[in-house]
Amino acid sequence: MPVFKTPFNGYSVKFSPFYENRLAVATAQNFGILGNGRLHVLDLSADPSLPIGELAAYDTADGIYDVSWSESHDSIVIAAVADGSVKLYDLALPPTSNPIRSFQEHTREVHSADYNPVRRDSFLSSSWDDTVKLWTLDRPTSVRTFKEHAYCVYSAVWNPRHADVFASASGDCTLRVWDVREPGSTMILPGHEFEILACDWNKYDECVIATASVDKRFPLVCLNGHGYAVRKVKFSPHVRNLMVSCSYDMTVCVWDFMVEDALVSRYDHHTEFAVGVDMSVLVEGLMASTGWDELVYVWQHGTDPRAP
Amino acid sequence: MEKAINRQKILLHHLNPSSSTHPNESSSLHASACVAGDSAAYQRTSTFGDDVVIVAAYRTAHCKAKRGGFKDTLPDDLLAPVLKAVIEKTNVNPSEVGDIVVGSVLAPGAQRASECRMAAFYAGFPETVPVRTVNRQCSSGLQAVADVAAAIRAGFYDIGIGAGLESMTTNPMGWDGSVNPKVKMFEQAQNCLLPMGITSENVAQRFGVSRKEQDQAAVESHRRAAAATAAGKFKDEIVPVTTKIVDPKTGEEKSVTISVDDGIRPGTTVSDLGRLKPVFKKDGSTTAGNSSQVTDGASAVLLMKRSVALQKGLPILGVFRTFAAVGVDPAIMGVGPAAAIPVAVKAAGLELDDIDLFEINEAFASQFVYCRNKLGLDPEKINVNGGAMAIGHPLGSTGARCVATLLHEMKKRGRDCRFGVISMCIGTGMGAAAVFESGDCADELCNARKVDDLLLSKDARLK
């Protein structure tokens, strides 16, 4: 299975919505605590036994915590940077022209970025300054700032069907659902006793949201299985009941939340904290993960990620 | 270095699930109240600037057909002034208009389409601006506005005009040609042929609307319209039209400027109306006095995308929210608004209680009273400046006329008037309704309902 060695510790990995063999990886030096960051854009070879190629790499002065592909331009990538900036990169332009834009409004580390999949002209960033900001590509300043969370906002994710609705997960132990057309959040869900590190909307049932927490559990059905804080959670774009999660216990787990024994697979290929995980929209079952062991794995669900 | 220590602390918190000493959690965590449930009159902002707004809405005076101020005015000369007004008063370049949609009912379709195109040229529009007509009977003017709003929302263009025109002097109501004998096999099809007055009698009889209630509604309509005229309330929305009056005896033409509705009868009383004989049915209750008047008139509404209005620096008179057309029994077509209004209001995410102002076409007093009572509406919120029984009902224009009347009144009321509804019944059995929101001309909102449930939206609660 393809594997790629990154110089810094991996924080996030995302498949391109336009090309099935392309993904972006956010990395940060010294586990994101101090030092530089780098954004990698990787191309998988058609032959899985061949190594992953690097299409582009961009250095940043501080760690990159998250990455998001544009849904409207196949060559644009957004990076959430630990120095509080949100940077836009265009793969079609030479490295000297990148980043094409740097939004510097957050006052603390930016922890996540998510592009609107329905409207396709806007994206969100969430930050340790307790806010979520809404941006469009054509405006130099944020369109709006959402300030209700009382602690770091680790994740903000758009609803896959409603163009104006998103959810945010925070260390204040709440998940909030927002409509950008309303002045405040429309729903507050105190679903955990500890910090919530990630959230995602089900792609087929808009009433289902998964949250990942320091308490190691998912609240809708309590999915127990991870030994430490759950860092990311993702619903499958192909199967309603399937989800994937990654954790500080160094594993990536696949779950079916509708069955009694929810744990479908556990992958323990990472040798350090597993921090980023994604499922391909274009290829069913294709997964990617990255972690602080400085490795990016790409594998088909059901196979061994470490197999050569 | 301090930054590194802070980050390390935050990340280490992720690894202390048993920790009960979250300094942030205990000291600063508090759930904030959601400001509104799903159906409350919440303050909805337009973050993306892509909703459809109205920046101008005008009408001509409304005059009695055959006897009023426009009896000698040709239809295209009636439409041109309102088309010119929406452009001139906003200083919009006419070539930027993506389409002009005109509601019109009675004229032959091809001829009316040509007359509207001609009127656009009189008004100064270049040949590059297209024109078309739309006919959904009495709601055609509103349908024109809705069609333009839908086209802007679809991205066909950014600026459009929804208008209405009817000259019932030139084109009286009637049926051309013979009737398909097949209608006898379909009761609903046969009921489409009922004279409108008969449907009014059907509503009155079936739902028990008394003659007295109808006459009272008519008197109130005239009283309100007269008061509004005297107070100068219609000056904002009426465009004076310079036209001609021909003396029927001498044939002499005289130039006149028509700027006041001439169908309003301020002195009307219930006893006066009580003396009129029912027109459509022996022992009936529908009379000429408690029916809308046969009228000449035109109206126009300028709509655009909000971001375009902001870019041009135009005040926003109102926001187009939703439109709904629904079908009802043709024999009682007058109940249309009672069916259409709830649909449009619900589509806007609102409840009837959230609506501050209504313009409901008074085709007949019986259906107007029925719809008002059926929906439980406060009479003080409906047709506050009079309705079609006083002002008149030029079929194709009324919908756009109501937009002008509603939005200008909403602007005057400012505070406490956020949502308005326009509705009319439609011959052959339909109702149409639209929801509008006040524009940024209005004062800040102060009528938002308090919501008790702090955490869950209404939808979630219902589940």
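Biologist: How are the axes of H7(B) and H12(B) oriented to each other?

Modeller: Angles under 35 degrees count as roughly parallel and 65 to 115 as roughly perpendicular, with the remaining intermediate values called oblique. In this predicted model, the axes of H7(B) and H12(B) cross at roughly 45° and come within 8 Å. The two helices are therefore oblique to each other.

Biologist: Which hand does the crossing of H7(B) and H12(B) have, and which residues make the contact?

Modeller: The crossing of H7(B) and H12(B) is left-handed. From H7(B), the contact is made by Ser200(B), Val203(B), Ala204(B) and Phe207(B), and from H12(B) by Ser366(B), Gln367(B) and Tyr370(B).

Biologist: How many residues of helix H12 of chain B are buried?

Modeller: A residue is called buried when its relative accessible area is under 20%. In helix H12 (residues 365-375) of chain B, nine of the 11 residues are buried, so the helix is largely enclosed by the rest of the structure. The buried residues are Ala365(B), Ser366(B), Gln367(B), Phe368(B), Val369(B), Tyr370(B), Cys371(B), Arg372(B) and Leu375(B).

Biologist: What covers the buried residues of H12(B)?

Modeller: The cover includes helix H7 (196-207), helix H8 (211-230), helix H11 (336-347) and helix H13 (388-391) of chain B, together with strand S10 (357-360) and strand S11 (419-426) of that chain. After H12(B) comes Gly376(B), with a positive phi near 65°.

Biologist: How should one read the nonpolar cores, and how many residues has the largest?

Modeller: In soluble globular proteins, nonpolar side chains tend to be buried together. Here the largest nonpolar core has 50 residues, and Leu79(B), Leu83(B), Ile100(B), Phe125(B), Ile161(B), Leu302(B) and Met304(B) have the most contacts inside it. Helix H3 (residues 75-88) of chain B gives the most to this core, namely eight residues. Another core, of 35 residues, lies apart from it; among its members are Ala204(B), Val219(B), Ile360(B) and Leu375(B).

Biologist: Which residues does Leu79(B) touch?

Modeller: Leaving aside residues up to four places away in sequence, Leu79(B) touches Val102(B), Cys116(B), Ala119(B), Ala163(B), Gly164(B), Leu165(B) and Ala298(B).

Biologist: How many helices and strands does chain B have, and what share of its residues counts as buried?

Modeller: Chain B comprises 15 helices and 12 strands. Of its 463 residues, 54% count as buried. Among the contacts in chain B with a separation of 6 or more, 81% come from residues 24 or more positions apart.

Biologist: Turning to chain A, what is the strand order in the open sheet that contains S2?

Modeller: To read an open sheet, one follows the strand order and then looks for the strands at its edges. Four strands of chain A are arranged in the order S2-S3-S4-S5, with antiparallel pairing. Strand S2 (9-15) and strand S5 (53-60) of chain A are the edge strands, each pairing on one side only. On average, neighbouring strands of this sheet are turned by 20° against each other, direction ignored. Within the sheet, seven bridges join strand S3 (residues 22-28) to strand S4 (residues 37-43) of chain A. Thr27(A) has Arg38(A) as its bridge partner in S4(A).

Biologist: Which strands form the edges of the open sheet S6-S7-S8-S9 of chain A?

Modeller: This open sheet of four strands, in the order S6-S7-S8-S9 (chain A), is paired in the antiparallel sense. Its edge strands are strand S6 (64-69) and S9 of chain A. Strand S7 (residues 76-81) of chain A pairs with S8(A) over five bridges, and Ile78(A) stands opposite Leu88(A) in S8(A).

Biologist: Where in chain A is Pro99(A) found, and what is the form of the peptide bond that leads to it from Asn98(A)?

Modeller: Pro99(A) is found in the loop between strand S8 (85-90) and strand S9 (101-104) of chain A. The peptide bond from Asn98(A) to Pro99(A) is cis, with omega near 0°.

Biologist: Are Cys173(A) and Met250(A) buried or exposed?

Modeller: Here one reads the backbone angle, the loop and the accessibility together. Cys173(A), although not a glycine, has a positive phi of about 75°. Cys173(A) is placed in the loop between strand S15 (165-170) and strand S16 (175-179) of chain A, and counts as buried at 5% relative accessibility. Met250(A) likewise has a positive phi, near 75°. Met250(A) is in the loop between strand S21 (242-247) and strand S22 (252-256) of chain A, and is partly exposed, with a relative accessible area of 31%.

Methods
Residues numbered from 1 in each chain as written. Chains lettered and ligands numbered in written order. Predicted model: local features only at pLDDT ≥ 70, side-chain atom pairs only at ≥ 80, totals over all residues. Heavy atoms only, no water. Pairing = 2+ DSSP bridges. Axes fitted to C-alpha atoms, helices over the stretch in contact; angles between N-to-C directions. Core = buried A, V, L, I, M, F, W, Y, C linked by side-chain atoms within 4.5 Å. Buried < 20%, exposed > 50% of the residue type's maximum accessible area, 1.4 Å probe, protein only. Contact = heavy atoms within 4.5 Å. Parallel < 35°, antiparallel > 145°, perpendicular 65-115°, else oblique. Left-handed = near helix turned anticlockwise from the far one by under 90°.
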